[in-house]
Amino acid sequence: VGNSLVYVAARGGHLREFGYDGDRNGYISGDLCIRAPHLFDDLTIGSMTLQLAPFPIIWAVSSNGVLVGLTYIPEQQVGAFHWHDTYGGTFEDATTIYEDGADYTYLVVRRFIDGEYVRYVERLEQRPFAEQADQFFVDCGYTYSGAAANTVSGITWLEGEEVSILADGAVVPPQTITGGVLTLPDGIEAEKITFGLPIE
């Protein structure tokens, strides 16, 4: 990352950075996790990936199934940790792919859906949204866009799950996917319907 090498320590599971220090006239290795040891102590990191744009974030998948992010800008001496869990699931792997002018992080997530364990490949959405209706703050979600509709079918991957819903930019009470179908309550119809597992 820039002129720094970020790696997982062989012992202790902490992230460390390695780089040249002009003041000390030599290379040094420092523990990045001093600011947040509770996210790393007694755990291991199984996977890491680097997202450069729009925000430089190192994503690390922990052995406890949590996704730990490190917003990392070494030239500005910025390093801020944030952790992410997911409703009814655990993270297993991560990678970042450049698409349409930005880096998108893809995750392998193990979930308990409809009475069995499954694995899904899910993508983190970018944060800036042009319109309220474009917001995507759900996990394992999907956006229907088309003619005004009251139902969306083919949602087999969320069978039996209660989902959060945004319909044309308005929050709709949660509904349960039944028979692979999402039905909006009270006859509501919308042209853009985003739904998925709730997140905090």
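Strands here are DSSP runs of E with at least two residues, numbered from the N terminus, and two of them pair if DSSP finds at least two bridges between them. This is a predicted model, in which local features need pLDDT of at least 70, side-chain atom pairs count only at pLDDT 80 or more, and totals for chains, interfaces and linings use all residues. Residues are numbered from 1 along each chain as its sequence is written, and side-chain values use heavy atoms, leaving out hydrogens and water.

**View A. An open sheet of four strands with antiparallel pairing.** Follow the strands in the order 4-5-6-7. Strand 4 (45–51) and strand 7 (78–84) each have a single partner strand, so these edge strands are left with one side lacking a neighbour in the sheet. From one strand to the next, the twist averages 20° (axes are lines fitted to C-alpha atoms, and angles run from 0 to 180 degrees between N-to-C directions).

**View B. Strand 6 beside strand 7.** Seven bridges link strand 6 (residues 67–73) with strand 7 in the antiparallel sense. Look for Gly69, which has His82 of strand 7 opposite.

**View C. An open sheet of three strands, again with antiparallel pairing.** The strand order is 1-2-3. At the edges stand strand 1 (5–8) and strand 3 (26–31); each has a single partner strand, so one side of each has no neighbour in the sheet. Neighbouring strands of this sheet are turned against each other by 25° on average, direction ignored.

**View D. Strand 2 beside strand 3.** Strand 2 (residues 15–21) runs antiparallel to strand 3, and six bridges join them. Here Gly19 sits opposite Ile28 in strand 3.
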